[in-house]
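Biologist: Before I plan anything at the bench, I would like to go through this model with you, a few places at a time. Please show it first.

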Amino acid sequence: MTRTSPRSAIELDEAYRHSTQDACRPRDLLADEVAQRRESGYDVDDVVCAANATDPDDRAALLALVDVMGDSTRLPGWAYEEPDALEDIRAAVDPVPALAADSSGYPDQVHAGWLGRIAGCNLGKPVEEGDHWTAERIRGYLVLADAYPLTDYFPVLDPMPDGFEFVDNWPETTRGRVNGSARDGDIDYAILALHLLETHGRALRPEHSLGHPSTSDPTDRR
């Protein structure tokens, strides 16, 4: 469990802001790690200051700053116990009671879960650029569209009001236009995980995903 720590007055420069995340781009990796560390109660203000004084295209320097955050300390008042080692995690939680197995409903449950994943992914895709589509901007748009609170996919206003712009996938992911699923990394991962489980069963190990043809295109079932 995590909670959002008090927002620091020291923010990363504009060069580190991004609407689409690329884990291979150090400036994106650093910005995301700063956000994650702060949400988990860590003090990374020194790293932010150092990043703002660093060339955002200096790959080695930014990766070194990312590594430094591994040694950051939590701010006083963090109220949650979050162990890392498996033995410590087990010791920190209450024992899980044994449940009677009933597989008769599994097909329906799996089907419902799959539909829920696809519906949820498509629901958020037209506003997936978090730097632009903040909670306040989403609410403002939905109020203009007379669709707040949202009970369906996002409606499309025509013409689009100034200051609002959907992500390019909107023709596939907005109200009245959803027919199946737009391509989505979260759905790709679920397909890949299912394929690997079908292939390896209980012998599945992390290394089985390395170099697998489906890793680059999980919809390719070679």
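Biologist: Between which two helices does the loop with G201 lie?
Modeller: Bear in mind throughout that this is a predicted model. Following the chain to G201, one finds this residue in a loop, and the helices on either side of that loop are helix 8 (185-200) and helix 9 (213-216).

Biologist: Is G201 buried, partly exposed or exposed?
Modeller: The relative accessible area of G201 is 26%. Buried would require a value under 20% and exposed a value over 50%, so G201, at 26%, counts as partly exposed.

Biologist: How far apart in space are G201 and L86?
Modeller: Along the sequence, G201 and L86 are separated by 115 residues. Taken from C-alpha to C-alpha, the distance between G201 and L86 in space is 23 Å.

Biologist: K125 carries a charged side chain by the usual count, so is K125 buried or exposed here?
Modeller: K125 sits in the loop between helix 5 (106-124) and helix 6 (135-144). Leaving aside neighbours within four places in sequence, K125 is in contact with V167, N169, T173, A182, R183 and D184. Because its relative accessible area is 6% and the limit for this class is under 20%, K125 is buried.

Biologist: Which elements give two or more residues to the largest nonpolar core?
Modeller: That core has 13 residues, and those touching the most other members are L12, Y16, L30, V34, A51, L65 and M69. The elements that contribute two or more residues to this core are helix 1 (26-39), helix 2 (45-52) and helix 3 (59-68).

Biologist: Which residues does L65 touch, not counting those up to four places away in sequence?
Modeller: L65 is among the residues of the largest core that touch the most other members. With residues up to four places away in sequence set aside, L65 touches L30, V47, A50, A51 and T54.

Biologist: How many helices and strands are there in the protein?
Modeller: Read from the N terminus on, the elements run α-α-α-α-α-α-α-α-α. The count is therefore nine helices and zero strands.

Biologist: What radius of gyration does the protein have, set against a compact globule of 222 residues?
Modeller: Along the principal axes, the C-alpha atoms fill a box of roughly 55 × 55 × 40 Å. A compact globule of 222 residues would have a radius of gyration near 17 Å, whereas the protein has 22 Å.

Definitions and conventions: Residues numbered from 1 in each chain as written. Predicted model: local features only at pLDDT ≥ 70, side-chain atom pairs only at ≥ 80, totals over all residues. Heavy atoms only, no water. Helix = DSSP H or I, 4+ residues; strand = E, 2+ residues; numbered from the N terminus. Buried < 20%, exposed > 50% of the residue type's maximum accessible area, 1.4 Å probe, protein only. Core = buried A, V, L, I, M, F, W, Y, C linked by side-chain atoms within 4.5 Å. Contact = heavy atoms within 4.5 Å. Rg over C-alpha atoms; globule rule 2.2 N^0.38 Å.
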